[in-house]
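Biologist: I've got this one open on my screen and I'd like a close look at a single part of it, the back half of the chain. Take your time and walk me through how the pieces there fit together.

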Amino acid sequence: MDLQPIQNVYFIGIGGIGMSALARYFNANGKKVCGYDRTPTEITEMLEKEGIKVHFTDDVNAIPASFKDKHTTLVVYTPAVPKDHKELNYFQQNGYEVVKRSEVLGFITKNTFCLAVAGTHGKTTTSSILAHLLVEAGASVSAFLGGIAENFNSNLVLKGSEYTVAEADEFDRSFLRLSPNIACITSMDADHLDIYGDKEHLIEGFREFAGKIKPGGSLIVRNGLDIEGETYGLEDNADYTFQNITVKNGIYHFDFHYKGGVYKDYTLLKPGRHNLLNALAAVSMAVKAGFAPEKLLPHLATFKGVKRRFSYIIKEDNFAFIDDYAHHPSEINALFQAVEEMYPHTPKTIVFQPHLFTRTRDFLDDFAKSLSQFDDVVLLDIYPARELPIEGITSQVLLDKVTAKQKILVSKAELIPLLLKKQPKLLLAVGAGDIGAEVEKIKEAFTVGH
């Protein structure tokens, strides 16, 4: 792929979190950028403020004339776009260079020192912490993130080009396009079985990803995973570990141990053991890349988080409202552990929107078990994303398996009146679909109500 003659970059699915980071990258590098997405969102609004034109109708006539020169235009699309998309078919049938997002990311990172974070959970937070640490350590670094990192208020970091931080996404086997110097695998729980078929083939995919590491490079893996590499974990036998972990006033304190020494009493403000692991993975990768621990560890205390990852929307003495992206049973379990640690005696109400019919089908019993830990479960209908309904797979079927004392299935229209009636002390809005759009409405309703 030669980007030199490219003047225009057109994105189909420009509002996606990974796509929008690339759109911003090309825009910042002087290319003309525009694109299509299905609906306006906070991300498309931010892109438009940065001078990137976005339209929301699948219409070839909506493509600007300057983007219809196939010799100067690169077309980037996301695998989530349906195959019958009119604009995608127009570009494919008329000889344009049409590539997936992962191909472009692989090309951009190829000639840099690439640190790639893979895993079925924790990629975005780990990548965001890593980018934050490297920036604070003075590195020349760019980062392509799968969420809006609150330290940068962006999913793109452009602070130089010597190092690149990238999420290595297993969906659609996208991570096989990357050639990292240092890779990390945070988890290999069964997921995306619509792509891989079963957990064994998913793990094969991760092994293939590990094989993409450049000669002389390194793999760092969560302790206990069935894949060869240096390990990180909260156990004594890990190569990189946090020890002497305590919680004071809701803040984690810990020591960092590795073969190079012990570094005492550092802090992390983000709750949940999973976030300790994410922070440890980021530190381990940066240390492996040659950065001194004392240049990194102090800056864990200033990591603000990632939007929709345990994000406090309202935090008052008598009411807390938390927004979280969790969409897999393991992630819901980690979320429950975090809120239970922070609010051990407070009843917990979760509003959950299942994401994908296939994921709901594949983990029906696991979802029911993870949701049943909460005191009150409010379910929304399944968010289909790229899928068509599957007979017999509904939120009602899931709800029937949940054993929480209080549980109910509601429409979005019924949600806020129900919550105002319940007046929960601790409320969580959880899921990877469009539940994020309901969060602001809930916030407004409870702000007026309090």
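Modeller: Let's start at D265, which has its place in strand β15. Bear in mind throughout that this is a predicted model. The phi of D265 comes out near 60°, a positive value even though the residue is not a glycine. That's worth a second look, since most residues other than glycine have a negative phi. D265 counts as exposed because its relative accessibility is 51%, and the cut-off for that word is over 50%.

Carry on along the chain from there. Strand β15 covers 261–268 and helix α8 covers 273–288, and G272 lies in the loop between them. Is G272 buried or exposed? G272 is buried, with 0% relative accessible area. If you leave out residues up to four places away in sequence, G272 touches Y252, Q337, A338 and E341. Take Y252: 20 residues separate it from G272 in sequence, while their C-alpha atoms are 9.1 Å apart in space.

Three of those contacts, Q337, A338 and E341, bring us to helix α10, which spans residues 329–342. This helix falls in a stretch with a record attached: an unreviewed UniProt entry gives residues 308–417 as "domain: Mur ligase C-terminal". Over that span, 37% is helix and 21% is strand, and the C-alpha atoms at the two ends lie 23 Å apart.

What does α10 pack against? Its partner is helix α12, residues 364–371; the two meet at an angle of about 10°, and their axes are 9 Å apart. That angle is under the 35 degrees used as the limit, so α10 is roughly parallel to α12. On the α10 side the contact is made by P329, I332 and N333, and on the α12 side by D366, F367, S370 and L371. Sort the residues of that contact by type and you get four nonpolar, two polar and one charged.

Now for the sheet. Six strands make it up, in the order β16-β17-β21-β18-β19-β20, and it is an open sheet with mixed pairing. The edges are taken by β16 (311–315) and β20; each has a single partner strand, so one side of each is left without a neighbour in the sheet. Ignoring direction, neighbouring strands are turned by 15° against each other on average.

Zoom in on β19, residues 376–379. On one flank, β19 pairs in the parallel sense with β18 (residues 348–352) over four bridges, and there V351 stands opposite V378 of β19. On the other flank, β19 runs parallel to β20 (residues 406–409), again joined by four bridges. Along that seam V377 stands opposite K407 in β20, and L379 stands opposite L409. How about the faces of β19, covered or open? Both are covered: D376 and V378 on one side, V377 and L379 on the other, all of them buried.

One more helix belongs in this picture. Helix α14, residues 412–422, packs on the sheet and touches β18, β19, β20 and β21 (426–430). The direction of α14 makes about 165° with that of β19.

Before you leave this region, follow the chain out of β18. L356 is in the loop between β18 and α11, which covers 357–362. Like D265, which has a phi near 60°, L356 has a positive phi without being a glycine, in this case about 80°. The surroundings are another matter. With a relative accessible area of 1%, L356 is buried, whereas D265 counts as exposed at 51%.

Finally, a short step back along the chain, to strand β11. Five of the five residues in β11 (residues 218–222) are buried, so this strand is largely enclosed by the rest of the structure. Strand β10, residues 182–185, pairs with β11 in the parallel sense over four bridges, with I182 standing opposite S218. β11 also pairs in the parallel sense with β12 (residues 230–233), here over three bridges. In that pairing, T231 of β12 is the bridge partner of V221.

Conventions. Residues are numbered from 1 along each chain as its sequence is written. This is a predicted model: local features need pLDDT of at least 70, side-chain atom pairs count only at pLDDT 80 or more; totals for chains, interfaces and linings use all residues. Side-chain values use heavy atoms; hydrogens and water are left out. UniProt positions are given in the numbering used here, feature names are shortened, and annotations may be inferred rather than shown by experiment. Axes are lines fitted to C-alpha atoms, for helices over the stretch in contact, and angles run from 0 to 180 degrees between N-to-C directions. Angles under 35 degrees count as roughly parallel, over 145 as roughly antiparallel, 65 to 115 as roughly perpendicular and the rest as oblique. Contact means heavy atoms within 4.5 Å. Ala, Val, Leu, Ile, Met, Phe, Trp, Tyr, Cys and Pro count as nonpolar, Asp, Glu, Lys and Arg as charged, and the others, Gly among them, as polar. Buried means under 20% relative accessible area, exposed over 50%, partly exposed in between (1.4 Å probe, protein chains only). Two strands pair if DSSP finds at least two bridges between them.
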